[in-house]
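Visitor: Can you walk me through this one? I'd like to start with the core.
Guide: Sure, here it is.

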Amino acid sequence: MSRTTLLLGATALAVAAGLLSTRWAGHAGAQGTTVVTLCDNETKTTVPDSQAKTREEGQAIADALMSQWRQKNPDRDWIEGELEKHTIAKPADNSALVGRGQGQTYGQITEPDVQKWSRESLAMAANGSAVFHNAEQLGSTIAVSCDMCHPSAANTHPETYPKFQVQLGRVALLRDMINWCIEHPVRGTPLAPDDPKMRALEAYIYAQRKGTPLDYGRR
Amino acid sequence: MARHTSIETRHYAEREALFRGLQGLDRRAFLKVSLAAAGAALASGARFHPHSFVPVSVADAAGGPVEPFTFAYISDSHLYKRELNDRFVRQLLRAVDDVNALDPQPDFVLFGGDLAQLGQPEELDLGAQILKNLKAPVRMMVGEHDWYLDLGDKWRALFGQETYSFDHKGVHFVVLQSVNQKDFWTARGMTPMERMQTVAGLDNAVQSRFEVGDPQREWLKQDLAKVPGTTPIIVFSHSPLYKYYRPWNFWTEDAEEVQAMLKRFPHVTVIHGHTHQMLTNRIGNIHFHGMLSTAWPWPYAPEGLPKLTVQMNRPDPFNPNDGCGNGAVSVQPAGLVDAVYNLWNRNPIQVSAAYVASGGANAAPPKPTLTSF
């Protein structure tokens with residue numbers, strides 16, 4: 001069997017298995033086998049050509065690859081784990097927009113679009129929650145984390161920033177106060193404004209105050 | 001004002017009197033006296049205080065009048081070991097200094113639970129060591145941070161049984177372990193440390209809700225059966241013995257059952273820890289007062305705050321230890337109490353029996369300028 005046929009064969013198998021969302025590729029392995037590679041380009045399995053190319057067979061190969069990948073990436077479900085421990089307000093539901101045009105060349109808004117927006121926003125807030133609740137990730141030298149004074153991010157009042165912070169003698173943004181806390185009660189090193197941890201912390205704190213009207217300057 | 005005799009001085013005086021008395025006894029008479037004393041003490045349910053040679057005297061609470069007295073409290077110190085976190089250690093020491101400076105001295109000091117942060121033996125040992133500096137006798141209560149590493153083994157070894165009762169100057173005191181949780185750890189295959197860390201997170205939803213639990217409620221029933229209906233009752237529990245905010249375990253799942261057992265007594269007060277804030281409630285005949293923490297203040301929960309609560313000023317993070325403190329409870333002749341919140345760096349605030357009994361109409365403490373968000 002030629003190499004081309006093999007690739008086509010692998011593609012056909014993927015189509016047959018309905019696994020288009022899991023992008024994968026196959027190429028010729030040793031004589032009479034096909035190497036199937038997961039979309040990470042690292043996780044591979046070798047399938048004999050003699051194997052029947054039914055939908056079930058395809059699914060079994062895909063499952064075997066995913067299970068291999070999960071073993072290598074035990075934290076894959078970290079968002080789920082974080083949400084089980086700490087309640088995080090869900091991002092806005094944009095599903096009403098599905099099927100409507102975007103008014104330009106990108107065409108209609110699809111279900112996957114809306115899912116992705118929601119998933120990514122929640123993932124950032126969940127990442128923030130993980131940092132917020134972890135003294136080590138915050139770089140605390142005295143084992144203090146944000147949630148020890150602010151359970152569920154209570155009393156962080158992000159809606160009141162920017163405001164004149166009397167104790168600092170200048171106008172503070174939420175991130176200035178986060179850094180103040182990291183430096184003082186937490187006794188860590190302040191984060192750069194664009195540090196991924198800072199961005200995640202802001203995301204979590206804002207997410208928890210979803211629905212609260214902005215009231216900048218409020219003492 | 002007459003100078004008070006410190007507990008230490010009185011302790012040495014009593015000890016010396018005891019030994020002088022013993023010199024007059026031969027061996028046989030000594031054994032007779034000491035056995036009789038031990039028997040009498042055990043029969044009356046006396047506890048031998050870990051910080052004192054002298055058994056705490058047990059007043060007869062058979063419905064007699066209450067002799068007014070004061071006890072102090074220190075609560076929720078959340079100690080890590082000293083090398084890791086010196087701040088919480090210094091804050092507990094500050095509370096000990098505050099209480100030792102009280103003149104006259106309180107009859108005893110209640111420690112309200114959460115002595116340790118992660119239930120580590122070093123943390124509990126350190127706490128026990130620091131509390132030994134108190135001049136007045138200490139009554140210990142356990143909190144969830146002391147409990148969920150070894151389910152109470154180390155704590156018991158240091159301080160004795162976690163559930164007990166005693167009588168003092170006409171009041172019947174009950175100390176509960178109200179932080180029991182249904183087993184969430186076995187099915188998840190958690191290590192003791194993972195279990196401890198889960199419970200240590202106030203907003204961690206994996207843990208269960210607090211409860212007093214069946215065996216302890218049965219014990220309470222039997223304990224209260226011996227107490228005449230006219231006796232004032234004061235209950236110490238770590239969690240509030242009512243339902244305030246479930247997600248943070250400002251909550252006791254079987255609170256109503258416990259409240260029902262206390263219904264036949266005219267004057268009942270519950271003093272609880274865990275909430276790290278000024279907190280006041282009244283349900284029927286029961287007055288509730290929350291204790292301050294020495295480690296950090298908790299914000300008021302987004303819902304469920306009891307109406308009688310006089311909120312403390314929103315703590316200023318730039319003002320070290322603001323919102324933290326300790327306090328004292330004065331038992332009035334009628335058997336109700338005035339609670340004094342000694343907020344560090346602020347004026348002390350008294351939440352009186354008159355205020356709670358009148359449903360907030362009389363003797364209202366000052367309202368805070370900066371309320372919670």
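Visitor: Which residues touch the most other members of the largest nonpolar core?
Guide: Y204(A), V109(B), F111(B) and V235(B) do, in a core of 118 residues. A nonpolar core is a set of buried Ala, Val, Leu, Ile, Met, Phe, Trp, Tyr and Cys residues joined through C-beta atoms within 7 Å. Buried means that 20 or more other C-beta atoms lie within 10 Å of a residue's own; exposed means 12 or fewer, partly exposed is in between, and C-beta atoms are placed from the backbone.

Visitor: Which helix gives the most to this core?
Guide: Helix α7 of chain A, residues 196–208, with 7 residues. Helices (H or I, at least four residues) and strands (E, at least two) are DSSP runs, numbered from the N terminus.

Visitor: Before we go on, what kind of model is this?
Guide: A predicted one: local features need pLDDT of at least 70, side-chain atom pairs count only at pLDDT 80 or more, and totals for chains, interfaces and linings use all residues. Residues are numbered from 1 along each chain as its sequence is written, while chains are lettered from A and ligands numbered from 1 in the order in which they are written.

Visitor: Back to the core. What does V235(B) touch?
Guide: Leaving out residues up to four places away in sequence, V235(B) touches V174(B), L176(B), L241(B), V268(B) and V270(B). Two residues are in contact if their C-beta atoms, placed from the backbone, lie within 7 Å.

Visitor: And which residues does the second, separate core include?
Guide: That core has 5 residues, among them V36(A), I61(A), A62(A) and L65(A).

Visitor: Let's look at α7(A). Which of its residues are buried?
Guide: M198(A), A200(A), L201(A), A203(A), Y204(A), I205(A), A207(A) and Q208(A). Their cover includes α4 (111–132) and α6 (174–183) of chain A.

Visitor: How far apart are the end C-alpha atoms of α7(A)?
Guide: They are 18 Å apart, which agrees with the 18 Å that 13 residues should span at 1.5 Å a residue. The expected span is 1.5 Å times one less than the number of residues.

Visitor: What else is in chain A?
Guide: Chain A comes to 7 helices and 5 strands. From the N terminus, the order is α-β-β-β-α-α-α-α-β-β-α-α. Of its 219 residues, 28% are buried.

Visitor: How do β2(A) and β3(A) pair?
Guide: Strands β2 (33–37) and β3 (44–48) of chain A pair in the antiparallel sense, over 5 bridges. Strands count as paired if DSSP finds at least two bridges between them. T37(A) has K44(A) as its bridge partner. The two strands form a hairpin with 6 residues between them, and N41(A) in the turn has a positive phi of about 65 degrees.

Visitor: Switching chains. What is the strand order of the open sheet in chain B?
Guide: The order is β3-β2-β1-β12-β13-β14, 6 strands with mixed pairing. At the edges stand β3 (138–140) and β14 (349–351) of chain B, each with a single partner strand, so one side of each has no neighbour in the sheet. The twist averages 25 degrees from one strand to the next. Axes for such angles are lines fitted to C-alpha atoms, for helices over the stretch in contact, and angles run from 0 to 180 degrees between N-to-C directions.

Visitor: How many bridges join β1(B) to β12(B)?
Guide: There are 5, and the strands run antiparallel. A72(B) stands opposite A328(B) there.

Visitor: Any odd backbone spots?
Guide: D76(B) is not a glycine, yet has a positive phi of about 50 degrees. D76(B) is also buried, with 27 other C-beta atoms within 10 Å. N321(B), not a glycine either, has a positive phi of about 70 degrees.

Visitor: Is N321(B) buried or partly exposed?
Guide: Partly exposed, with 18 C-beta neighbours inside 10 Å.

Visitor: Where are the cis peptide bonds?
Guide: One joins Y161(A) and P162(A). Another runs from D103(B) to P104(B).

Visitor: Last one. How many residues does the contact take from each chain?
Guide: It takes 20 residues from chain B and 19 residues from chain A. The chain B side has 14 nonpolar, 4 polar and 2 charged residues. Ala, Val, Leu, Ile, Met, Phe, Trp, Tyr, Cys and Pro count as nonpolar, Asp, Glu, Lys and Arg as charged, and the others, Gly among them, as polar.
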